[in-house]
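The following paragraphs offer a guided reading of one protein model. Please keep the sequence and the three-dimensional view at hand while reading.

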Amino acid sequence: VQLQASGGGLVQAGGSLRLSCAASGRTFSIYYMGWFRQAPGKEREFVGAINWNGGNTYYANSVLGRFTISRDLAKYTVIPQMNSLKPEDTAVYYCAVKKTNYDYTRDYNYWGQGTQVTVSS
């Protein structure tokens, strides 16, 4: 599976950004599509995920109520809508694919290249 992420940029605190991640290749193997982020000097952390077939979504506590993940089945694309952004949301955001149905917070199989999100105060 190949992943192409886009949509990052610079936004002021309180603003919104929409990312996207398009999957290609062996897309029939997708169970979850997830998003992670890594800020400078910090470990990569789970942000959210969507069950590809059922559409159930899962979020880290830090983004719950602010971020919403949806999917476009026809385009094999996942779209996180990020609202009420905070400076602490600044990070490189990565999309990823997991082929198995356990623990959507880790052990992803394929990764996109990352897209920078910067939130100014």
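Strands β4 and β9 run antiparallel and are joined by two bridges; strands here are DSSP runs of E with at least two residues, and helices are runs of H or I with at least four, numbered from the N terminus. Two strands are said to pair if DSSP finds at least two bridges between them. The model is predicted, so local features need pLDDT of at least 70 and side-chain atom pairs count only at pLDDT 80 or more, while totals for chains, interfaces and linings use all residues. Residues are numbered from 1 along each chain as its sequence is written, and side-chain values use heavy atoms, with hydrogens and water left out.

Within the pairing of β4 and β9, Ala22 stands opposite Thr77, and Cys21 has Val78 as its bridge partner in β9. Strand β9 also takes part in other pairings. Strand β3 (residues 17-18) is joined to β9 by two bridges, and these strands run antiparallel; here Arg18 has Gln81 as its partner. With β8, strand β9 pairs in the antiparallel sense over six bridges, among them the one between Ser70 and Ile79. The two strands β8 and β9 form a hairpin with four residues between them, and Tyr76 in the turn has a positive phi of about 50°. Five of the six residues of β9 are buried, a term that means under 20% relative accessible area, with exposed meaning over 50% and partly exposed the range in between (1.4 Å probe, protein chains only).

Strand β4 has a second partner, β1, with which it pairs in the antiparallel sense over five bridges. One of these links Leu3 to Ala23 in β4. In a regular strand the side chains alternate between the two faces of the sheet. Strand β4 shows such an alternation: the side chains of Cys21 and Ala23 point to one face and are buried, whereas those of Ser20, Ala22 and Ser24 point to the other and are not.

Where does the side chain of Cys21 lead? A disulfide, defined as a pair of cysteine sulfur atoms within 2.5 Å, joins Cys21 to Cys95 with an S to S distance of 2.0 Å. This pair links distant parts of the chain, since Cys21 lies in β4 (residues 20-24) and Cys95 in β10 (residues 91-98), 74 residues apart. The torsion about the S-S bond is about 60°, so the disulfide is right-handed. Cys21 counts as buried because its relative accessibility is 0%, and Cys95 likewise at 1%. A search of the whole structure finds one disulfide.

The largest nonpolar core has 35 residues, of which Leu3, Met33, Trp35, Met82 and Tyr93 touch the most other members. Such a core is a set of buried Ala, Val, Leu, Ile, Met, Phe, Trp, Tyr and Cys residues joined through side-chain atoms within 4.5 Å. Strands that each supply at least two residues include β1 (2-6), β4, β9 and β10, and β10 gives the most, with five.

Finally, Arg71 belongs to strand β8 and, at 26% relative accessibility, counts as partly exposed. Contact meaning heavy atoms within 4.5 Å, Arg71 touches residues including Ile50, Trp52, Asn53 and Thr77, not counting residues up to four places away in sequence. A polar atom of the Arg71 side chain lies 2.6 Å from the backbone oxygen of Trp52, and the backbone oxygen of Asn53 lies 3.1 Å from a polar atom of that side chain.

Terms used:
A polar contact is a pair of N or O atoms within 3.5 Å; within protein, one must be able to donate a hydrogen and the other to accept it, and residues adjacent in sequence count only if both atoms are side-chain atoms.
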